[in-house]
Amino acid sequence: MASQIRIDRMLSNLGYCTRKEAKARARDGRILNKGILVTDVSAHADPHDIVMDDEPLDHPDGIYIALNKPAGLVCSHETRDGTNVYSLLPWQWLMRNPKVSSVGRLDKDTTGLLLITDDTAFVHRMISPIHHVKKVYLVELDKHPDDSLIAQFASGTILLEKETKPCKPAGLKILGNRQCEVTLLEGKYHQIKRMFEAFGYSVTKLHRQTFGNLSVDGILEGQYVEFDPKSV
């Protein structure tokens with residue numbers, strides 16, 4: 001967010017109220033700028049200097065959270081798709097503009113690390129394949145994988161159905177007991193499931209362990225923690 005912005009627009013963007021409602025709040029003496037009552041919400045101010053109802057503004061520099069996604073939740077904003085991950089967040093965050101959204105998506109039955117932010121530039125930067133942001137997944141298969149899959153995944157030649165470009169080289173470690181670890185530098189639609197299906201395997205469980213330098217370790221399922229976007 002810019003260092004100076006119209007107060008009514010600021011409050012609207014941060015999900016507090018509409019711009020029209022901001023005028024009423026100012027009339028009621030609920031908004032302070034550097035300790036002084038705001039009477040003109042069209043005035044510009046630094047969000048860090050604004051106090052609403054005796055509280056500083058919530059996350060004026062943007063929301064960046066790492067969430068441990070449970071199974072059964074979708075990453076879509078459409079309620080018809082089922083209960084979504086945004087139901088785990090404070091309601092006011094859902095009113096922000098730009099809206100909070102996930103950095104890429106995890107399937108409904110996939111668990112693990114999901115980044116959520118209202119910073120659209122950060123989203124594009126993280127999901128762009130040119131930036132090679134590493135993501136590590138723990139995978140359970142319907143049968144034990146053959147060692148030959150390691151070279152196949154690393155080859156960069158796997159062409160998925162209805163795709164025109166092969167998958168980028170991916171790391172595969174076989175952990176035993178139908179378990180393996182997959183490292184991706186991209187995020188095609190249902191990529192891991194489709195890669196294994198190309199060789200006759202079905203994914204029975206999928207869990208994202210890391211995203212860049214961030215790990216889901218220490219985050220309880222359904223809970224989230226804040227992160228510094230520069231750390232990813």
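## Close-up views of a predicted model

**View 1. The largest nonpolar core.** The largest nonpolar core counts 32 residues, and I116, V139, F153, I192 and F196 have the most contacts inside it. At least two residues of this core come from each of β7 (64-69), β9 (111-117), β10 (135-141), α4 (148-154), β12 (179-184), α5 (191-197) and β13 (203-211). A second, separate core has 16 residues, including I7, M10, I31 and V38. A nonpolar core here is a set of buried Ala, Val, Leu, Ile, Met, Phe, Trp, Tyr and Cys residues joined through side-chain atoms within 4.5 Å. Buried is under 20% relative accessible area, exposed is over 50%, and partly exposed is in between (1.4 Å probe, protein chains only). Helices (H or I, at least four residues) and strands (E, at least two) are DSSP runs, numbered from the N terminus.

Some housekeeping for every view: this is a predicted model, where local features need pLDDT of at least 70 and side-chain atom pairs count only at pLDDT 80 or more, while totals for chains, interfaces and linings use all residues. Residues are numbered from 1 along each chain as its sequence is written, and side-chain values use heavy atoms, with hydrogens and water left out.

**View 2. F196 and its surroundings.** Skip the neighbours within four places in sequence, and F196 is in contact (heavy atoms within 4.5 Å) with V139, L141, L149, F153, L172, C180, V182, Y201 and V203. F196 counts as buried because its relative accessibility is 0%. Y201 is buried too, at 9% relative accessible area. F153, F196, F199 and Y201 make up one aromatic cluster. Y201 also has a charge for company: the charged end of K143 sits over its ring, 5.0 Å from the centre. That label requires NZ of Lys or CZ of Arg within 6 Å of the ring centre and within 35 degrees of the ring normal. K135 does likewise over the face of F211, at 5.2 Å from the ring centre.

**View 3. Y64 meets F122.** The count of aromatic pairs comes to 7. Y64 and F122 are one such pair, edge-to-face, with 5.6 Å centre to centre and 85° between the planes. The two partners are 58 residues apart, with Y64 in strand β7 and F122 in helix α3 (residues 120-127). Both rings are buried: Y64 at 12% relative accessibility, F122 at 0%. F196 and Y201 also pair edge-to-face, since their ring centres are 6.4 Å apart and their planes at 75°. For pairing, rings of Phe, Tyr and Trp (its six-membered ring) need centres within 6.5 Å; planes under 30 degrees apart are stacked, over 60 edge-to-face, and the rest tilted.

**View 4. Cysteines without partners.** The whole structure has 0 disulfides, a disulfide being a pair of cysteine sulfur atoms within 2.5 Å. For C167, the closest cysteine sulfur belongs to C180 and is 15 Å away, too far for a bond. C167 is buried at 2% relative accessible area, and C75 is buried at 4%.

**View 5. A four-stranded open sheet.** The 4 strands run in the order β3-β2-β5-β6, with antiparallel pairing. β3 (36-37) and β6 (55-56) are at the edges with a single partner strand each, so one side of each lacks a neighbour in the sheet. Strand β2 (residues 31-33) and β3 are antiparallel and joined by 2 bridges; strands pair if DSSP finds at least two bridges between them. N33 has I36 in β3 as its bridge partner.

**View 6. β12 and two of its pairings.** β10 and β12 run antiparallel, joined by 6 bridges, with Y137 bridging to V182 in β12. Strand β11 (residues 171-176) pairs with β12 in the antiparallel sense over 5 bridges, and I174 has C180 as its bridge partner. The hairpin of β11 and β12 has 2 residues between the strands, and N177 there takes a positive phi near 55°. R178, in the loop between β11 and β12, has a positive phi near 70° and is partly exposed at 29% relative accessible area.

**View 7. Two backbone oddities in loops.** Most residues other than glycine have a negative phi, and most peptide bonds are trans. K162 is not a glycine, yet its phi is positive, about 70°. K162 sits in the loop between α4 and β11 and is exposed, with 80% relative accessible area. The peptide bond from N97 to P98 is cis, with omega near 5°, and P98 lies in the loop between β7 and β8 (101-102).
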